[in-house]
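Dear colleague,

Please find below the sequence and structure for your review. I would be grateful if you could read the notes that follow alongside them.

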Amino acid sequence: MTGSTAASFTADDYRARMERAARTAAEAGLAGLLVAPGPDLVWLTGYTPPAVTERLTLLVLAAGQDPVLVVPALEAPDAHRAAGAAALTLRDWTDGKDPYAATAALLDASGRFGISDNAWALHLLALQQAMPGISYASLTEALPMLRAVKDAAELDLMAAAGAAADATFEEIRNVPFAGRRESEVAADLDRLLRRHGHEQVDFTIVASGPNGANPHHEAGDRVITRGDTVVLDFGGLRDGYGSDTSRTVHVGEPTDEERRVHDIVREAQEAGFRAVRPGAACQDVDRAAREVIADAGYGEYFIHRTGHGIGVTTHEPPYMIEGEERPLVPGMCFSVEPGIYLPGRFGVRIEDIVTVTEDGGRRLNTTTRELVIVE
């Protein structure tokens, strides 16, 4: 997390998050949470270790207990400077001491704890050996909605990240495409995202011509030519919060079929957006978008979910997919990104980040969803 983001939240903000997380864990039947370095630790405490190493760093949360952050002594000064440090107790350990024994003293010896998905097996196995009576569940399994609902300050940061991605698109549509490699346009996207405030760029997909039929194509050495449809999908973190948008452009004038497929995807994206409202199920967004594409005869070519959550990471719960009956709640943020992918020919995807409001949804990306012609 950058310094500017840390300054956006106070120790009281982090205290409230940790209290809510501990309370939610208790309501889910967990004795507490064990949070390793990664997005959950940043969101809960404002702390990012200077390096993720084999030395144990772990936040221990349990209802009715003060939060404790177990840290290596050599990193304790950095932890003390974290924005949320005043809301927790730091317990450091020195090389040669057993950090797992120190951590075990904080835990219910027979409890079930949620643990970060990205916790190292090295640490989990050592904790199991130190406390064989404890059981564990991944945080995504146990508390998938932990970070899903954003408060007003978070929504402001999400909106700023979306606006930065939009500014990037407005500039990239004016760069030359024909005669340049996909990787060169991807480098332009990276540069522009950073110019507009992103400290981290997670992906810059530039998928031209037949490569557009691969939703996660890695920009490569293919030279873009006139007549190509080009899928652009890019995003990352700005002040610690995510952007992710997709637009499909065409080099020169499109064929009738290319324009028709783009129109279908645009209509599907609009249908998915219109389905966003409090109380609707996540799968309702997927169904609304998918119905448009299926009715147009392209159902078999829409090969991924309609959306994913976004926040302090660019992909997280909730997911807009068939079978996900979780209700939408104001403050949730997620993508709406239907697509059609015609193998060996071309693809089209249109994506906005959307947040749930009290009476519907609000787009955090506002650039045109019409087919843009580039040179």
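The notes below describe two sheets, the helices that pack on them, and one helix pair. Please bear in mind that this is a predicted model.

The six-stranded sheet

An open sheet of 6 strands is arranged in the order β4-β3-β2-β1-β5-β6, and its pairing is mixed. The edges are taken by β4 (89–93) and β6 (135–138); each has a single partner strand, so one side of each is left without a neighbour in the sheet. On average, neighbouring strands are turned by 25° against each other, direction ignored. At the β4 edge, strand β3 (residues 68–72) pairs with β4 in the parallel sense over 5 bridges. Within this pairing, V71 has D92 of β4 as its bridge partner.

Two helices pack on this sheet. Helix α2 (residues 11–27) touches β1 (32–35) and β2 (58–61), and its direction makes about 65° with that of β2. Helix α6 (residues 121–130) touches β1, β2, β5 (112–115) and β6, and its direction makes about 155° with that of β6. Strands β1 and β2 are thus touched by α2 and also by α6.

The four-stranded sheet

An open sheet of 4 strands, also with mixed pairing, follows the order β7-β8-β9-β17. Here β7 (198–208) and β17 (372–374) stand at the edges; because each has a single partner strand, one side of each is left without a neighbour in the sheet. The twist from one strand to the next averages 30°. Strand β7 runs antiparallel to β8 (residues 229–238), and 9 bridges join the two. Among the residues involved, V201 has G236 of β8 as its bridge partner. Helix α9 (residues 182–195) packs on the sheet and touches both β7 and β8, with a direction at about 155° to that of β7.

The α10–α11 pair

Helix α10 (residues 256–274) and helix α11 (residues 282–295) have axes that come within 7 Å and cross at roughly 155°. This angle makes α10 roughly antiparallel to α11, and the crossing is right-handed. From α10, the contact is made by I264, E267, A268, A271 and G272, while α11 contributes V285, A288, A289, V292 and I293. By character, the residues of this contact divide into 8 nonpolar, 1 polar and 1 charged.

With kind regards

Conventions
Residues numbered from 1 in each chain as written. Predicted model: local features only at pLDDT ≥ 70, side-chain atom pairs only at ≥ 80, totals over all residues. Heavy atoms only, no water. Pairing = 2+ DSSP bridges. Axes fitted to C-alpha atoms, helices over the stretch in contact; angles between N-to-C directions. Contact = heavy atoms within 4.5 Å. Parallel < 35°, antiparallel > 145°, perpendicular 65-115°, else oblique. Left-handed = near helix turned anticlockwise from the far one by under 90°. Nonpolar A, V, L, I, M, F, W, Y, C, P; charged D, E, K, R; others polar.
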